[in-house]
Amino acid sequence: MNAFESSLLWLTNHGYQILLAGLVIAFLVRKPQARRAIVRAFLIFGGIVVGAVFVAAAYGKMKPPAGFAWSPASLRISLAWFAMQVDSYQVLPPRSVNAVAHFLPYFELFLGLWLITGIARRFSALLASLSLCGFMIAITSAYFRGLKIDCGCGVGPAEQVGPDALLRDALKFLLPALLVAIGSFWIRGKGRASESPAPEMVSSSAST
Amino acid sequence: MGGPNSTGRGEDELNHRLQRCRAETGSAGGLAKGRRTALAVAVLTAVGFGGVLRVMARPAQSSADTAPVKSAARKTSTASSSKAVTAPPALSAPVKSYGSSSAPIKMEVFTDYQCPSCRNLFEGTLRPMIADYVASGKVYLVHHDFPLPGHMYGYQAARWLNAAARVGQFQSVEAALYDNQNSWEADGNIEKFITAAVPAADFKRIQKQMVGCEYQGPAGTKPASLRADPQATHGCTLDSYIEEDRALGMKIPVQATPTYVITYKGQKLPAGSGNVSWPILKQFFDSLLSQ
């Protein structure tokens, strides 16, 4: 595993722990300005963590199999292999499987980079939350139908879907995305509230 | 009229005639005797010759039938001397594959014959693949047994399959097992489907291998096909092939069935599991072959 893969793996495995710690600290801090500063810092970090999750997912799907070098041909092989994993969920017909398999990795890469840059973070985080909800529904459905499948989550080793994997995925991926989305909208709301002055201040300044 | 003188002349003549007659009779008797002798000799010769011919024309089978053959060498020499005798070939390790081993893609599938997903994979994906990509030499399909503990008759089905594979009936028996899975998994009566799938002579050879391989399920779950052979004191020799496949699967590791491992020109790809449809699998093979 190279340095890039190791970094991605660390962020996806431990990033949610740091975010949860930041959430606790933000609740403990009393001063509103300090609280907002902490929330902003952790939203930036949270955007990077959730972005890393999506970049890792895209990388895991596009990466050529062992023994193959990066090339357009190896990318076709990787995406065809991912199509087999999607097909194993037995949710979609073959044509839709291909559409999802060839669209999803590029979508994940785009969304991950969007989150990392922080541009319009609340929208990117919202989209990330919705995507992860859809993913969790799909693997939960596969589990309850008794399918033994590889969850195909990303860079790390493949793992079979089960209750432990479902709970872990929800904690590592869905919770940070929700926290970043909620936090982004909260901070945006707080920012608008601080920008517009209070009505009594306007009338008192007008009377003087 | 004659007198006493005429009688003498008559006697001489009579004697002469008698002598002649005796001589003639004697030679005729001698002749007859010779003819009888010759005839007897001829008859005896003919009988003897015919007997010799009969003995030479008798097949050697009778000697083989009466004397039990105790060694393969004797069997071979006996068989070689007569076209009617064909000794059964010695049984080798089971061959559980489809297609040519020189194909660029090798697909190894670990399955349990009582597993519904494995049946779906075989019926929906492997069958068209065999007809298309295996037949055209693109894919070499290898089956490995991986019976799961939760399937009561999965191991027994694998035994039947290995026995059939040793006599060259792997493909027909595998198809029979999957096609009739719903039936035999209810009562464990696998034998009747094997009987219907293979020729009678091959079934006898399969059945002979199954001596000592009777179902050893929990009490009260005796399948209809169980025939305990009191003389079978040795273990099932077919289990070694199944355990060999399981050991191979544990190295991967196989965590569920079906699991497949695809190798392309010596490069082994990560193992995949679950059912995959033929169009998607075909697309993957095409992407490999276009490298």
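A nonpolar core, as the term is used here, is a set of buried Ala, Val, Leu, Ile, Met, Phe, Trp, Tyr and Cys residues joined through C-beta atoms within 7 Å. Keep that in mind for the second stop. The model you have open is a predicted one.

**Stop 1: the two chains**

Colour by chain and begin with chain A. You'll find seven helices there and zero strands, so to speak a plain run of α-α-α-α-α-α-α when you read along the sequence. Of its 208 residues, 33% are buried. Now look at how chain A is wired: take the contacts between residues at least 6 apart in sequence, and 66% of them join residues at least 24 apart.

Switch to chain B. This one has 11 helices and six strands. Its buried residues come to 33% of 291. Among chain B contacts with a separation of 6 or more, 73% are between residues 24 or more positions apart.

**Stop 2: the cores**

Next, select Ala83(A), Val139(B), Leu161(B), Ala164(B), Val173(B) and Ile194(B). These are the residues that touch the most other members of the largest nonpolar core, which has 69 residues. Notice the chain letters: Ala83 comes from chain A, while Val139 is one of those from chain B.

Stay with Val173(B) and show its surroundings. Which residues does Val173(B) touch, leaving out those up to four places away in sequence? Select Trp160(B), Leu161(B), Ala164(B), Ile194(B), Ala197(B) and Val198(B) and you have them. Leu161(B), Ala164(B) and Ile194(B) should be highlighted already, since you picked them a moment ago as well-connected core members.

There is also a second, separate core, this one of 28 residues. To find it, select Leu111(A), Ala128(A), Leu174(A) and Leu179(A), which are among its members. Remember Ala128(A); you'll meet it again at the fourth stop.

**Stop 3: where A touches B**

Show both chains and turn to the contact between them. It takes 20 residues from chain A and 20 residues from chain B. On the chain A side, select helix H3 (72-88) and helix H4 (94-117), the elements that give two or more residues to the side touching chain B. H3(A) gives the most, with nine residues. Colour the chain A side by residue type and you get 12 nonpolar, four polar and four charged.

**Stop 4: a helix pair in chain A**

Hide chain B for now. Two packed helices are described by the angle between their axes and the distance between the axes. Select helix H2 (residues 32-62) and helix H5 (residues 121-144) of chain A: they pack at an angle of about 40°, with their axes 11 Å apart. Angles from 35 to 65 degrees fall outside the parallel and perpendicular classes, and H2(A) and H5(A) are therefore oblique to each other. Their crossing is left-handed.

For the side chains, pick Leu43(A), Gly47(A), Val50(A) and Phe54(A) on H2(A), then Arg121(A), Ala125(A) and Ala128(A) on H5(A); these make the contact. By type they divide into five nonpolar, one polar and one charged. Ala128(A), on the H5(A) side of this contact, is the residue you selected in the second core.

Step back along the chain to Ala120(A), in the loop between H4 and H5. Check its backbone: phi is positive, about 45°, although Ala120(A) is not a glycine. Is Ala120(A) buried or exposed? Exposed, because 12 other C-beta atoms lie within 10 Å.

**Stop 5: the loops of chain B**

Bring chain B back and select the loop between helix H10 (239-251) and strand S4 (259-264), where you'll find Pro253(B). The peptide bond from Ile252(B) to Pro253(B) is cis, with omega near 0°. Move on to Pro258(B), which lies in the loop between H10 and S4 too. A cis peptide bond, with omega about 0°, joins Thr257(B) and Pro258(B).

Past S4, select Lys265(B), in the loop that leads to strand S5 (267-268). Here is a positive phi of about 50° in a residue that is not a glycine. Lys265(B) counts as exposed, because it has 10 C-beta neighbours inside 10 Å.

Finish at Pro270(B), in the loop between S5 and strand S6 (272-273). With 13 C-beta neighbours inside 10 Å, Pro270(B) counts as partly exposed. Draw a distance from its C-alpha atom to that of Ile252(B): the two residues are 18 apart along the chain, and the separation is 9.0 Å.

How values were computed:
Residues numbered from 1 in each chain as written. Chains lettered and ligands numbered in written order. Predicted model: local features only at pLDDT ≥ 70, side-chain atom pairs only at ≥ 80, totals over all residues. Contact = placed C-beta atoms within 7 Å. Helix = DSSP H or I, 4+ residues; strand = E, 2+ residues; numbered from the N terminus. Nonpolar A, V, L, I, M, F, W, Y, C, P; charged D, E, K, R; others polar. Buried ≥ 20, exposed ≤ 12 C-beta atoms within 10 Å, placed from the backbone. Axes fitted to C-alpha atoms, helices over the stretch in contact; angles between N-to-C directions. Parallel < 35°, antiparallel > 145°, perpendicular 65-115°, else oblique. Left-handed = near helix turned anticlockwise from the far one by under 90°.
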